[in-house]
Amino acid sequence: MNGLQILGTGRALPEHVVTNDDLAKIVDTSDEWIVSRTGIKERRFAREGETLTQFAVEAARQAIARAGIRPEDLGLCLMGTVTSDNATPAQSCLVHQALRLPEDCPAFDLSAGCSGFLYAMETAAALLPRMSRPYALILGGELLSRITNMEDRSTCILFGDGVGAVVVKSTQDAPWYAHLGARGERDILWSGGMGSEERYLHMNGQEVFKFALETVPQAARTLLAKAGMEKEQVDWYVLHQANHRIVESVARRLKVPLSKCYENIERYGNTSAGTIPIALDEMAEQGLLKAGQWIMCLGFGSGMTWGGALFQWQDKEEK
Ligand code: ACO
């Protein structure tokens, strides 16, 4: 079975930084409460007139350039998002248009909440061998500020805007293990959609917390079993950035050191399907990802959904 090799990464976030103190001017909260309960210090919000398309295209261009391919080399374009600029066409089609991707490069979105990027990666792993060319552009990201109720202190402190992107190659040489799951549950975390009167995100925070602590460690164990590996052999755990306390609790349950869990939640908050590709891009930029290292990505989100992927980082030049 073919696996995926990540050839290039990218990210784009709004410039507008919103600190906890900024939010404390709008709702009854404090920097101390938000940091101690979530680990978040600031997040980025798109300004009026900025679109998900512009951030997605910027992240995509970076990933394509770093992969050393041309847009016309792409055989598939996928995006995990729940806040596309239009109900239709899909966000990935708007990227397709902006980048002038070839007509035999299908494009579609995946709606799996914060698990959207990992759902898209596994979909690409399965589909790419059947496409015209072995390269895929995979994006994850949101403008969650568009569906966040800025008067609800229990949710407005958590979310942020941003997009991450990767370019992957389908190859037999890349080990790839994935695990996806879903438990249909509307009421834990839901939004009626951008145009709807009930567009705001509604969340039962404690239920999300419990769900994450049940499904994420289990997904990690499933991946290790599939790969026949021990948890110590994994060099980096890249978890969905929803809450520092969730990352900490998962690490404790898995008995892996927190130093192996990359975190950037303090700067961006929860960008849903964006958190994992944004983290991967930062890690690549900082030189944290070295050839031969094993990376485990783990996510959970509305649906309720969860997912994981275990793969090896490879230098492009080795191919
Ligand atoms: N500032 C100050 N006080 C607050 C705030 C706030 N921003 N928000 C809630 N409170 C108050 C509540 O009103 C409550 O007050 P009360 O005791 O007088 O009734 C008190 O703080 C405790 O509220 P809880 O909801 O019990 O707080 P909890 O410790 O559970 O923390 C949180 C809330 C941070 C949302 C937590 O439940 C959590 O992290 N859950 C995971 C949810 C998550 O990460 N979601 C991300 C999106 S989902 C996803 O990514 C899939």
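Is cysteine 77 buried or exposed? Let's work through that and a few more exercises.

This is a predicted model, where local features need pLDDT of at least 70, side-chain atom pairs count only at pLDDT 80 or more, and totals for chains, interfaces and linings use all residues. Residues are numbered from 1 along each chain as its sequence is written, and side-chain values use heavy atoms, with hydrogens and water left out.

**Exercise 1. Sort out the cysteines.**

Step 1: Start with the cut-offs: buried means under 20% relative accessible area, exposed over 50%, and partly exposed in between (1.4 Å probe, protein chains only). Cysteine 77 has 0% relative accessibility, so it counts as buried.

Step 2: Look for a partner. A disulfide is a pair of cysteine sulfur atoms within 2.5 Å. For cysteine 77, the closest cysteine sulfur belongs to cysteine 105 and sits 5.7 Å away, which is too far for a bond.

Step 3: Try cysteine 261. Its nearest cysteine sulfur, in cysteine 297, is 12 Å off, and cysteine 261 is in no disulfide. With a relative accessible area of 8%, cysteine 261 is buried.

Step 4: Count up. The structure holds zero disulfides.

**Exercise 2. Find what holds the ligand's surroundings together on paper: residues, contacts, elements.**

Step 1: List the neighbours, meaning residues with a heavy atom within 4 Å of the ligand. There are 25 residues around the ligand, and the closest are Thr29, Arg37, Gln206, Asn243 and Asn270.

Step 2: Check polar contacts to the ligand (here, pairs of N or O atoms within 3.5 Å). Threonine 29 has a side-chain N or O atom 2.6 Å from a ligand nitrogen. Glutamine 206 puts a polar side-chain atom 2.6 Å from a ligand oxygen, and asparagine 243 does so at 2.3 Å.

Step 3: Ask how much is covered. On its own the ligand exposes 1000 Å², and the protein buries 73% of that.

Step 4: Assign elements, taking helices (H or I, at least four residues) and strands (E, at least two) as DSSP runs numbered from the N terminus. Those giving two or more residues to the shell are α2 (31-38), α6 (153-156), α7, α8 (244-254) and β12 (294-301). Helix α7 gives the most, with four residues.

**Exercise 3. Place glutamate 214.**

Step 1: Glutamate 214 lies in helix α7 (residues 205-227).

Step 2: Its relative accessible area is 45%, so glutamate 214 is partly exposed.

Step 3: Compare sequence with space. Glutamate 214 and arginine 253 are 39 residues apart in sequence, and their C-alpha atoms are 9.9 Å apart.

Note on methods: A residue is near a molecule or strand if one of its heavy atoms lies within 4 Å of it. A polar contact is a pair of N or O atoms within 3.5 Å; within protein, one must be able to donate a hydrogen and the other to accept it, and residues adjacent in sequence count only if both atoms are side-chain atoms. Accessible areas come from the Shrake-Rupley method with a 1.4 Å probe; for residues, only the protein chains shown count as cover.
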